[in-house]
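Here's a quick tour of the model you have open. We'll start with the domains, move to where they meet, and finish with the ligand and the salt bridges.

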Amino acid sequence: METANTPERKKVIFSAIQPSGTITLGNYVGALRNWVGLQDDYDCIFALADLHTITVRQDPAKFRKNALEAYALLLACGIDLDKSLFFIQSHVHTHAELAWLLNCYTQFGELSRMTQFKDKSQKHADNVNVGLFAYPSLMAADILAYQADMVPVGLDQKQHLELTRNIAERFNGIYGQTFKVPDPYIPKVGAKIMSLQDPTRKMSKSDENVNSYVALLDKPDDIMRKFKRAITDSDAQVRYGEGKDGINNLMGIYSVMTGKTNEEIEREFDGKGYGDFKLAVGEAVVDHLRPIQEEFTRLIGDKAYLEQCYTKSAETALRISQRTLDKAMKKVGFVKRAF
Ligand code: TRP
């Protein structure tokens with residue numbers, strides 16, 4: 001019981017990202033930047049969701065490289081291990097174990113209705129594996145294992161979080177309070193970054209056209225080229241407005257990079273053309289990413305340090321999540337493990 005004397009505990013936030021290749025400016029603005037900002041106010045637990053990644057076939061060498069690079073890049077973006085945990089999901093075996101348990105409290109019909117499953121099974125029609133189907137119950141295990149209060153998720157993962165809540169409530173309904181039922185965390189400012197080639201669509205690393213997205217590790221020249229080629233409109237005025245998706249998107253990016261408001265941006269580029277504006281956006285992105293890229297280069301060259309980081313976090317994560325797993329197994333009626 002909390003009394004007047006107990007210091008108020010910070011709320012727990014859990015989130016994860018898949019190491020499935022390139023991390024884009026869209027991921028950074030939409031998710032990672034927010035993660036970094038949450039670290040002072042919440043107990044943050046972050047994971048690299050590599051178990052989720054093998055639901056789509058991976059080349060082993062590339063997969064390993066991607067995961068290590070994604071880990072280093074997220075540290076470079078500002079995940080601070082003095083404040084937060086950040087581990088590799090496959091290193092913490094409780095996730096897969098709890099996922100199995102939860103599978104038995106998740107209905108075939110529920111998983112069949114997940115839009116991501118429907119989309120991905122169309123996209124990878126030759127490999128509609130059981131893991132792809134059960135992906136949401138693994139995600140539920142990630143979250144519920146830490147008794148997370150809140151989960152920052154984008155629109156594409158909202159349905160999975162809703163399912164997580166249903167699974168938790170169902171389990172609690174049968175066995176009594178076991179899992180905290182998590183709420184979605186809606187960030188205060190949510191700039192969604194769109195494709196530079198089709199600004200009506202989200203910027204995506206799986207886009208076939210590399211000019212449509214900026215990767216966090218893109219070289220300055222490439223970043224500049226991509227912004228120079230960004231699709232705009234024929235209005236030729238830098239102002240925010242309907243039907244100006246391309247300019248709106250560039251203004252959004254520039255605003256995040258510089259902290260300037262739309263009005264300030266409109267004033268700055270009053271009387272100037274799109275060419276000048278695109279260059280300015282490109283330069284702002286290059287400047288913003290430079291220290292991140294430098295830190296990434298340093299970290300990826302220090303494998304021993306990286307190993308120390310993800311190991312330490314995984315050990316703590318294991319301790320926390322094991323408590324939840326033990327509790328859930330006890331409720332279900334498993335014979336208590338005596339070692
Ligand atoms: N499925 C998420 C994605 O692809 C990643 C993820 C895995 C996640 N486990 C999670 C996100 C738990 C939030 C909470 O984006």
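## Two domains

The domain assignment splits the chain into domain 1, made of 12-190 + 303-332, and domain 2, covering 210-298. Keep in mind that we're looking at a predicted model. Measure between the C-alpha centres of domain 1 and domain 2 and you get 31 Å. As for who's involved in the contact, domain 1 puts in 12 residues and domain 2 puts in 14 residues.

## Where the domains meet

So what does the interface look like in numbers? Domain 1 and domain 2 bury about 1200 Å² between them, and 82% of that sits on carbon and sulfur atoms. If you go hunting for salt bridges across the interface of domain 1 and domain 2, the count is zero. Polar contacts do turn up there: three residue pairs, with both partners at pLDDT 80 or more.

On the domain 1 side, the elements giving two or more residues to the surface that touches domain 2 are helix H1 (25-38) and helix H3 (60-77). H3 gives the most, with five residues. Sort that side of domain 1 by class and you find eight nonpolar, two polar and two charged residues.

## Around the ligand

Which residues are around the ligand? The list runs Phe 14, Ser 15, Ala 16, Gln 18, Ala 49, His 52, Tyr 135, Met 139, Asp 142, Ile 143, Val 151 and Gln 157.

Three of the side chains are worth zooming in on for polar atoms. Gln 18 has a side-chain N or O atom 3.1 Å from an oxygen atom of the ligand. Tyr 135 places a polar side-chain atom 2.7 Å from a ligand nitrogen atom. With Gln 157, the distance from a polar side-chain atom to a nitrogen atom of the ligand is 3.3 Å.

## Salt bridges

How many salt bridges are there by this rule? The tally is 17. One to pull up on screen is Glu 110 with Arg 170, where the closest N and O atoms are 2.7 Å apart. That pair ties together distant parts of the chain: Glu 110 belongs to helix H5 (residues 108-112) and Arg 170 to helix H8 (residues 158-175), with their positions 60 residues apart in the numbering.

Key: Residues numbered from 1 in each chain as written. Predicted model: local features only at pLDDT ≥ 70, side-chain atom pairs only at ≥ 80, totals over all residues. Heavy atoms only, no water. Domains from an automatic or database assignment. Contact = heavy atoms within 4.5 Å. Buried area = accessible area lost by both parts, 1.4 Å probe. Salt bridge = Lys/Arg side-chain N within 4 Å of Asp/Glu carboxyl O. Polar contact = N/O pair within 3.5 Å; in protein donor to acceptor, adjacent residues only side chain to side chain. Helix = DSSP H or I, 4+ residues; strand = E, 2+ residues; numbered from the N terminus. Nonpolar A, V, L, I, M, F, W, Y, C, P; charged D, E, K, R; others polar. Near = heavy atom within 4 Å.
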